Amino acid sequence: MKSKLAAVVGAAAGYVLGTKAGRERYEQIKKTTRKLWNDPRVQEKRHSAENAAQDLARDAGGSLKDAAGHVQDAAKEKTAGSDDLRNRP
């Protein structure tokens with residue numbers, strides 16, 4: 001019975017100490033990450049990346065619109081004669 005109690009107390013102590021160390025490390029990582037994120041050089045790169053992504057999206061949207069127009073035109077050409085065939089007696 002004493003060995004079970006000692007194991008439970010040991011496990012509880014290990015958990016408390018491990019949790020405290022884990023939390024401290026987590027807070028340290030969080031602080032370092034926040035400091036890095038707020039660095040002006042990182043902010044500048046982030047804004048550049050956002051602008052580049054917006055430009056790419058805009059270009060891709062225009063290309064897709066053009067491609068859709070070509071597909072629509074091709075479909076109209078292919079189906080133009082089909083109305084004549086259906087209206088035959």
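Which residue forms a salt bridge with Arg-46?

1. The partner is Glu-50, and the closest N and O atoms of the pair are 2.8 Å apart. Both residues sit in helix H2, four residues apart, so about one helical turn separates them. Arg-46 is partly exposed, at a relative accessible area of 26%, and Glu-50 also counts as partly exposed, at 35%. The spacing fits a general rule: an α-helix has 3.6 residues a turn, so residues three or four places apart point the same way.

2. This is a predicted model, and confidence should be considered before any detail. The mean pLDDT of the protein is 81, and 88% of the residues score at least 70. Helix H2 has the highest confidence, with a mean of 87, whereas helix H3 (residues 82-86) has the lowest, at 55. Where pLDDT is low, the predicted coordinates should not be read in detail.

3. On the overall fold, the protein contains three helices and zero strands, which gives the pattern α-α-α along the sequence. Of its 89 residues, 2% count as buried. The accessible surface is about 8,300 Å², and carbon and sulfur atoms contribute 61% of that area.

4. Helix H2 covers residues 40-79, a run of 40 residues. From its first C-alpha to its last it reaches 58 Å, close to the 58 Å expected at 1.5 Å a residue.

5. The start of H2 deserves a separate look. There, a side-chain oxygen of Asp-39 comes to within 2.7 Å of the backbone nitrogen of Arg-41. The side chains of Asp-39 and Arg-41 also meet in a salt bridge, at 2.9 Å from N to O. Asp-39 thus has a contact with the backbone of Arg-41 and a salt bridge with the side chain of Arg-41.

6. Are the two partners at this site buried or exposed? Asp-39 has a relative accessible area of 17%, and because the cut-off for buried is under 20%, Asp-39 counts as buried. Arg-41 has a relative accessible area of 63% and is exposed, the cut-off there being over 50%.

7. Gln-43 is another residue of helix H2. Its relative accessible area is 16%, so Gln-43 is buried under the 20% cut-off. Leaving aside residues up to four places away in sequence, Gln-43 touches Trp-37 and Asn-38.

8. Helix H1 (residues 2-37) holds a further pair, Lys-30 and Glu-27. Their side chains meet in a salt bridge, at 4.0 Å from N to O. The two residues are three apart in sequence, about one turn of the helix. Lys-30 is partly exposed, with a relative accessible area of 32%, and Glu-27 is partly exposed at 31%.

9. A search of the whole structure finds four salt bridges. Among them are Lys-30 with Glu-27, Asp-39 with Arg-41 and Arg-46 with Glu-50. For a reader checking these in the viewer, the N to O distances are 4.0 Å for the pair in H1, 2.9 Å for Asp-39 and Arg-41, and 2.8 Å for Arg-46 and Glu-50.

Methods. Residues are numbered from 1 along each chain as its sequence is written. This is a predicted model: local features need pLDDT of at least 70, side-chain atom pairs count only at pLDDT 80 or more; totals for chains, interfaces and linings use all residues. Side-chain values use heavy atoms; hydrogens and water are left out. The expected span of a helix is 1.5 Å times one less than its number of residues. A polar contact is a pair of N or O atoms within 3.5 Å; within protein, one must be able to donate a hydrogen and the other to accept it, and residues adjacent in sequence count only if both atoms are side-chain atoms. Buried means under 20% relative accessible area, exposed over 50%, partly exposed in between (1.4 Å probe, protein chains only). Contact means heavy atoms within 4.5 Å. Accessible areas come from the Shrake-Rupley method with a 1.4 Å probe; for residues, only the protein chains shown count as cover. pLDDT is the predictor's confidence in each residue, from 0 to 100.
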